[in-house]
Amino acid sequence: MKKFIAVASFTAVLLASCTPKATTPTASAGPAVSTAEQLAQGKTIFENSCGKCHELPKPTAYTSVQWVGIMNSMAPKAKLTEEQHQWVYDYVVSVKK
Ligand code: HEC
């Protein structure tokens with residue numbers, strides 16, 4: 001039993017240390033950008049990528065729950081990376097109603 005726990009936690013450490021490298025290579029360079037910078041990036045990406053096929057939507061026109069679904073369908077259309085998807089989402093829901 002003790003051995004099993006040791007193996008299990010070793011595996012968890014391995015997974016934890018490998019996963020960020022596998023998915024986001026830049027993350028290993030340290031904390032990527034601050035929240036304020038991420039919001040600024042999200043705004044820029046939103047303004048540049050989300051008004052191409054239709055008018056730029058109003059961030060305040062949808063609830064944060066609606067934005068989850070909208071971003072899930074629009075991020076692939078705008079060819080956003082997972083990070084950009086997150087930043088744009090964080091930006092639109094940060095805009096005060
Ligand atoms: C390649 C074209 C394209 C791009 C780029 C695009 N959209 Fe859209 N968007 C559509 C189309 C087509 C619709 C309407 C049909 C649908 O809902 O799929 C739509 C609908 C919407 C709607 C209305 C949804 C509703 O339920 O009323 C919102 C909001 C929206 N897009 C936001 C965005 C955001 C935010 C981005 C940037 C991440 C984006 N779109 C990028 C094509 C695009």
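A polar contact is a pair of N or O atoms within 3.5 Å. That cut-off is needed at the ligand stop of this tour, where Tyr-62 places a polar side-chain atom 3.3 Å from an oxygen atom of the ligand. The model on screen is a predicted one.

**Start with the whole chain**

Colour the protein by secondary structure. There are 4 helices and 0 strands, and reading along the sequence gives the pattern α-α-α-α. The protein has 97 residues, and buried residues make up 16% of them.

**Select the ligand**

Show the ligand and the residues around it. The ligand is surrounded by 14 residues, and the closest are Cys-50, Cys-53, His-54, Met-74 and Lys-77. Pick His-54 from that group: one of its polar side-chain atoms is 2.8 Å from a nitrogen atom of the ligand. Now go to Tyr-62, where the partner atom on the ligand is an oxygen, at 3.3 Å. Both pairs are polar contacts, because each distance is within 3.5 Å.

**Select the largest pocket**

Next, show the pocket surface. The largest pocket has a volume of about 300 Å³. Its lining is made of 14 residues, and those closest to the pocket centre are Ser-49, Cys-50, His-54, Met-74 and Ala-78. Which helix gives the largest share of the lining? It is H3, with 5 residues. H2 and H3 (64-77) each supply at least two residues of the lining. Coloured by class, the lining shows 10 nonpolar, 2 polar and 2 charged residues.

Keep Cys-50, His-54 and Met-74 selected for a moment. These residues are named among the closest to the pocket centre, and they are also named among the closest to the ligand.

**Select Lys-43 and Glu-47**

Move to helix H2, residues 35-49. The structure holds 1 salt bridge, and it joins the side chains of Lys-43 and Glu-47 at 2.9 Å, N to O. Side chains of opposite charge can pair when their charged atoms come close. Where do Lys-43 and Glu-47 sit relative to each other in the helix? They are 4 residues apart in H2, so about one helical turn separates them. Lys-43 is partly exposed, at 36% relative accessibility. Glu-47 is partly exposed as well, at 39%.

**Select Lys-79**

Follow the chain past H3 to the loop that leads to helix H4 (82-94), where Lys-79 is found. Lys-79 is not a glycine, yet its phi is positive, at about 55°. Most residues other than glycine have a negative phi. Is Lys-79 buried or exposed? Lys-79 is exposed, with a relative accessible area of 71%.

**Select two pairs that are apart in sequence**

Go to the loop between H2 and H3 and select Thr-60. Thr-60 is partly exposed, at 31% relative accessibility. Add Lys-97 to the selection: the C-alpha atoms of Thr-60 and Lys-97 are 5.4 Å apart, although 37 residues separate them in sequence.

For the second pair, select Glu-83 in helix H4. Glu-83 has a relative accessible area of 32%, which means that it counts as partly exposed. Then add Gln-38: Glu-83 and Gln-38 are 45 residues apart in sequence, and their C-alpha atoms lie 9.3 Å from each other.

Technical notes: Residues numbered from 1 in each chain as written. Predicted model: local features only at pLDDT ≥ 70, side-chain atom pairs only at ≥ 80, totals over all residues. Heavy atoms only, no water. Salt bridge = Lys/Arg side-chain N within 4 Å of Asp/Glu carboxyl O. Buried < 20%, exposed > 50% of the residue type's maximum accessible area, 1.4 Å probe, protein only. 1 Å grid on protein atoms, 1.4 Å probe; cavity = no way out; pocket = protein on both sides within 12 Å on 5 of 7 lines; lining within 4 Å. Points joined across faces, edges and corners; volume = space filled by probe spheres on them. Nonpolar A, V, L, I, M, F, W, Y, C, P; charged D, E, K, R; others polar. Near = heavy atom within 4 Å. Polar contact = N/O pair within 3.5 Å; in protein donor to acceptor, adjacent residues only side chain to side chain.
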